[in-house]
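Thanks for sharing this one; here are some friendly notes to read alongside the coordinates. Please have the viewer open as you go through the points.

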Amino acid sequence: MTTQFACAGIELELFRYPTQQASNLQAWDAADEHLIKHLVDVQQSAIPTAILNDSFGALSCALVSIEPQWPITLETDAKTSLLGCQYNLQHNQLTPASLHIINSREILPKHTQLVLMKLPKNLHYFAQQLARLSAVLPAGTQVLIGAKAKSINAALLSIIEKNLGTASASLTWKKTRVITCVSDGKPRELANPVSWKVDELGLTITNLANVFAANKLDIGARIMLDNMPKGDFKQVIDLGCGNGILGLHAKQCYPNASIHFVDDSDMAIASAQHNWQHNKLDSDDDLPQGVFYWDDCLTHLPAHISPDLVLCNPPFHQGEAITDHIAWQMFVDAYKRLKTGGILHVVGNRHLAYHVKIKRIFNNCTTIASNGKFVILQAKK
Ligand SMILES: C[S@@+](CC[C@H](N)C(=O)[O-])C[C@H]1O[C@@H](n2cnc3c(N)ncnc32)[C@H](O)[C@@H]1O
């Protein structure tokens with residue numbers, strides 16, 4: 001894995017976040033380079049620019065290295081992207097004069113004159129991002145979208161035209177293209193969040209656009225719900241909570257427990273919090289309440305939180321990349337935080353062989369349930 005970024009005369013050293021991770025993945029891709037090369041080729045001046053979906057800050061760092069005064073608004077749903085961008089700016093001794101950071105639900109500033117965007121994996125979220133842009137961008141504003149050439153087709157261009165304005169794609173360079181969209185100045189309505197019921201638990205789940213398991217219960221989560229551990233748990237963490245389904249059911253199983261929800265996605269945390277309130281799990285003020293953290297695994301969890309149960313349905317990809325390094329980090333963080341005697345309760349695809357990792361960290365691992373595809377594993381600290 002290289003950390004040396006060199007493109008269009010800009011040289012940086014860029015890391016993923018966290019910088020120490022069990023993966024060989026790089027902090028940027030050729031679509032980042034293509035966007036930057038395009039800006040340099042057209043001698044783009046430093047006008048107020050919004051950057052969306054900047055994986056680990058390659059785009060932000062490049063703009064600041066071209067011109068420290070470049071006014072930038074960085075919008076991100078992933079905490080790891082935000083932390084990665086901050087790390088890489090500092091590591092490259094870049095001090096932006098005007099960097100404004102917002103999450104994926106905040107309103108973009110009205111004075112935005114240019115948008116740089118990486119195509120996210122989730123096209124439903126992409127459509128929603130475009131519709132949000134349509135509410136603030138004056139007619140004629142350029143939105144440059146970097147993507148792999150193989151992801152660009154008529155259906156994608158029609159999503160862009162439906163939600164923002166006309167679009168055309170550049171020639172291919174390093175297997176990527178830059179789509180130029182020109183906003184038409186007509187604000188679009190945002191699609192409503194998707195809701196569905198888990199009848200047997202009496203829960204209604206509502207998901208914002210970038211949340212895992214968009215319109216139905218994940219099959220891994222289903223087998224977890226059917227196999228919750230027995231015990232009088234007092235402090236539970238739903239690690240990688242998505243819409244919060246595991247933590248919500250934990251509150252039904254262990255009414256005296258405080259439940260801590262953690263996710264890298266801001267929209268996931270907002271959805272979990274909404275679902276907690278909407279399902280009235282905080283109705284009894286005397287009982288501990290739900291607590292919500294937008295974070296990378298358990299990195300910034302307050303020091304006094306030491307759970308007796310961690311529930312975890314780990315991700316096996318980050319953006320486009322298939323990887324098990326986040327699962328690894330989640331298991332290590334869970335081990336560090338659990339009380340002695342506390343339990344990590346994990347669901348995973350059988351072929352991911354999480355038991356090998358868990359056994360290395362905890363020195364024990366028991367299979368609690370399995371079906372053809374999934375296993376539930378448990379380890380005790
Ligand atoms: C497989 S989903 C599970 C969601 C939910 N718990 C369920 O069972 O339906 C994994 C979740 O982990 C989150 N995630 C990914 N990377 C993370 C990280 N570094 N820290 C915390 N959460 C992360 C994803 O946003 C996603 O919501």
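The points below take up helix 1, two helix pairs and a few backbone details.

1. A word on the source: this is a predicted model, and the comments below should be read with that in mind.

2. Let me begin with helix 1, which covers residues 30-41. Does the length add up, or what span should one expect from twelve residues at 1.5 Å a residue? The expected span is 16 Å, and the end C-alpha atoms are 16 Å apart, so the two agree.

3. Which residues of helix 1 are buried? They are A31, D32, E33, H34, L35, I36 and L39. The list brings charged side chains to your attention as well, namely D32 and E33. Several elements help to cover these buried residues, including strand 1 (4-7), strand 2 (10-13) and helix 2 (58-66). From further along the chain, the cover also includes strand 6 (114-118), strand 7 (142-148) and strand 9 (176-183).

4. Both ends of helix 1 deserve a look. At its start, D29 places a side-chain oxygen within 3.1 Å of the backbone nitrogen of A31; A31 is also one of the buried residues of the helix. Just after the helix, Q43 has a positive phi of about 50°.

5. Next, please look at helix 4 (residues 123-134) and helix 5 (residues 154-163). Two packed helices are described by the angle between their axes and the distance between the axes. Here the axes come within 8 Å and cross at roughly 30°. Angles under 35 degrees count as roughly parallel, and helix 4 and helix 5 are therefore roughly parallel to each other. Their crossing is right-handed. On the helix 4 side, the contact is made by L123, F126, A127, L130, A131 and S134, while helix 5 contributes L156, I159, I160 and N163.

6. A second pair is formed by helix 9 (residues 325-337) and helix 10 (residues 354-362), with axes that come within 10 Å and cross at roughly 30°. That angle makes helix 9 roughly parallel to helix 10, and the crossing is right-handed. Helix 9 brings A327, W328, F331, V332 and Y335 to the contact. These meet Y354, K357, I358, R360, I361 and F362 of helix 10.

7. While you are at helix 9, have a look at H325, which lies in this helix. Is H325 buried or exposed? With a relative accessibility of 3%, H325 counts as buried. Its side chain is joined to that of T323 by a polar contact of 2.6 Å.

8. Now for the backbone. Most residues other than glycine have a negative phi, and most peptide bonds are trans. Against that background, the peptide bond from Y17 to P18 is cis, with omega near -5°. P18 sits in the loop between strand 2 and helix 1.

9. Two further loop residues have a positive phi without being glycine. K175 has a phi of about 65° and lies in the loop between strand 8 (165-169) and strand 9. A353 has a phi near 50° and belongs to the loop between strand 18 (343-349) and helix 10. How do they stand in terms of exposure, and what are the values? K175 is exposed, at a relative accessible area of 70%, whereas A353 is partly exposed, at 24%.

Terms used. Residues are numbered from 1 along each chain as its sequence is written. This is a predicted model: local features need pLDDT of at least 70, side-chain atom pairs count only at pLDDT 80 or more; totals for chains, interfaces and linings use all residues. Side-chain values use heavy atoms; hydrogens and water are left out. Helices (H or I, at least four residues) and strands (E, at least two) are DSSP runs, numbered from the N terminus. The expected span of a helix is 1.5 Å times one less than its number of residues. Buried means under 20% relative accessible area, exposed over 50%, partly exposed in between (1.4 Å probe, protein chains only). Contact means heavy atoms within 4.5 Å. A polar contact is a pair of N or O atoms within 3.5 Å; within protein, one must be able to donate a hydrogen and the other to accept it, and residues adjacent in sequence count only if both atoms are side-chain atoms. Axes are lines fitted to C-alpha atoms, for helices over the stretch in contact, and angles run from 0 to 180 degrees between N-to-C directions. Angles under 35 degrees count as roughly parallel, over 145 as roughly antiparallel, 65 to 115 as roughly perpendicular and the rest as oblique. A crossing is left-handed if the near helix is turned anticlockwise from the far one by less than a right angle, and right-handed if clockwise.
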